[in-house]
Amino acid sequence: MSQAELPKKGTPKSELFAKMDEARGTDTNWKAARLFGFVYRTDDDVHEVGKEAYAKFITENGLSPFAFPSLLKFETDVVSMTAKMLHGGEDAVGNLTSGGSESLLMAVKAAREWSRATKPEIKEPEMVVVNTVHPGWDKAAHYLGLKIVHVPVAADFRSDVAAMRAACTANTVMLVCSAPTYPHGVVDRIDELGKLAQEKNLWLHVDACLGGFVLPFAEKLGYDIPLWDFRVPGVTSISADVHKYGYAPKGASTILYRNDTYRLYQYFAYAEWAGGVYGTPTMLGARPGGAYAGAWAVMNYLGEEGYLRLVRKMMDATKKFQAAVKAIPELKIIGDPHASIFAIGSDVINIYALGDAMKKRNWHMEGQQFPPALHVTMSPGHADVIDEVIKDLNEAMVEARGAGEAALSESAAMYGMMSSLPDRSMAKELALQYLNGIYK
Ligand SMILES: *Cc1c(COP(=O)(O)O)cnc(C)c1O
C-alpha cells in the first residue's frame, strides 16, 4: 500500500465520501448484528439520537465549563443519573471520560494520590487485582508506576477472596474486581472484597465498564445478581461505560466515587503557567462535547423504561443462545455468567475451529485464552437474528468436529500458538511487533 501524503489540493466532498464508503466495504456488518463485541447494537432510532446529539455538539470543547455550560450540565447529569442507578448516596460524585480505559487510569491515579496523602510510609504502592480484570488495569499500572499483582480466580471463575487477602502486602493500596468480568461475564465476590477493603483500609474499585448499564436493570427484572454497587460498604469507586450498554456513541464512560474526598485525588491543576491557571478533571485536555451530548441524549431518550425493555430483550436472547450451546455435548459455557456476556469452551474440540466455522458464516466471535474459548458479548440487536445464529452454530459444529489442527485458519492457528506459548514474554513481544507492523 502506498503511504498517504497530504494532497496538494483539496478533494470534493462527494468524492471523499464515496471513498469513505468504499473503505467501509470490508468492515464487519455491525448493523446486521454479525459482531459479538466492539459494537453494542440496538434499535436504529437509539443510534440516530446519539448520532444527531453528537453532531450537534461536535465542535464544542468540554475543557471549558465556563465557555460551554451546556457540556457541564450534560456531564453532571450523566454522572448523577449513573451514580443513582448504582445506588450512590447523596455524596456520590464522578466525571465523564473518553472511555473505560481512561476511567480506569483515573481510578488508579486517584488511589495512588490517596495513598500518598494518607499512607506516606508506602513508597512503592501495589494494586491487587482479580486476574480476569481488563488489561486496561495493567496499562494503568504500567503508565502510573504501580506494581500490579494478579490473583487467580476460584474454580467458578469468580474472585478467590482468600487468595486476594493472601496477596496483600504492607504496600497494597488498592483492590480491583469486576461486575461482570469481560472474559466470562461473572460478577466477582464484591461483598466479601468490600469487607476485606474495610478491614485493611484499602481502596476498592469495581470495574462495571461492561455491567454498569445492564446489571441494575437485570436486577429489577428479577435476575439473580449478587450485590456489587455502592450498596456494598467498602466500595470506593466504580467505572461504568455509557458507550457500551448505555448505547451512547463512542467516547463516553463514567468514573464514580463514593464521595468527593476520593475524587479530589483524581484532579490535576497547574497554577504557574504563562497561559493561565490550568486545571482538568480527567486525563484529556480538550474534551469532546459530542460524546457528552450523545451520552446525555441517549440516556434521556431511553429512560429506565427503555433500558429495561432492551435488557429484557437481550437477556431472553442470551438465555436462548446459552441453551443452544448447552444442548451441544462438546460445548460448555465457562462458569455461570450473570448477565449478557459469556464464553463458549470445549474439552473435546478445538474451539478456535468453531470460531473459524462461524466466521465463514459471517459471525464474528473473539478468541480468548486460559482456557481457550470464544467470547460472546450479546446486544439487544442479536435478539432479531438469534435463530439464525443458533442454526449456524449447529452447522458450524459439524464442520468443527471434522476439522483437524491443519484446517485452522492462519489467524486461529496463530492465536492458538500465541496462547499456548509457555514463555509469556514471547507472546507479549509478538503482540508488540504485530502492532508495530500494522500501524505502518
Ligand atoms: C471495555 C472494558 C474496559 C475498557 O473500556 P474502553 O472503553 O474499551 O477503554 C474496561 N473494563 C472492562 C470490564 C471492559 O469491558
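These legends accompany close-up views of a predicted model, covering the ligand site and the surroundings of Ala-400.

**View 1. Residues that surround the ligand in the predicted model.** The shell around the ligand is made up of Gly-99, Gly-100, Ser-101, Leu-104, His-134, Asp-207, Cys-209, Leu-210, Asp-241, His-243 and Lys-244. By class, this shell divides into three nonpolar, five polar and three charged residues. Helix 4, which spans residues 100-118, contributes three residues, the largest share of the shell.

**View 2. Polar side-chain atoms facing the ligand at Asp-207, Asp-241 and Lys-244.** An N or O atom in the side chain of Asp-207 is 2.7 Å from a nitrogen atom of the ligand, whereas Asp-241 places a polar side-chain atom 3.5 Å from an oxygen atom of the ligand. For Lys-244, the distance between an N or O atom of its side chain and an oxygen atom of the ligand is 3.0 Å. On its own the ligand has 380 Å² of accessible area, and the protein covers 84% of that area.

**View 3. Ala-400 and its contacts beyond the immediate sequence neighbours.** Ala-400 belongs to helix 12, which comprises residues 386-402. With a relative accessible area of 4%, Ala-400 counts as buried, because that value falls under 20%. When neighbours within four places in sequence are left aside, Ala-400 is in contact with Ile-349, Ala-353 and Leu-354. The C-alpha atom of Ala-400 is also separated by 6.6 Å from that of Ala-357, although these two residues are 43 residues apart along the chain.

Key. Residues are numbered from 1 along each chain as its sequence is written. This is a predicted model: local features need pLDDT of at least 70, side-chain atom pairs count only at pLDDT 80 or more; totals for chains, interfaces and linings use all residues. Side-chain values use heavy atoms; hydrogens and water are left out. A residue is near a molecule or strand if one of its heavy atoms lies within 4 Å of it. A polar contact is a pair of N or O atoms within 3.5 Å; within protein, one must be able to donate a hydrogen and the other to accept it, and residues adjacent in sequence count only if both atoms are side-chain atoms. Accessible areas come from the Shrake-Rupley method with a 1.4 Å probe; for residues, only the protein chains shown count as cover. Helices (H or I, at least four residues) and strands (E, at least two) are DSSP runs, numbered from the N terminus. Ala, Val, Leu, Ile, Met, Phe, Trp, Tyr, Cys and Pro count as nonpolar, Asp, Glu, Lys and Arg as charged, and the others, Gly among them, as polar. Buried means under 20% relative accessible area, exposed over 50%, partly exposed in between (1.4 Å probe, protein chains only). Contact means heavy atoms within 4.5 Å.
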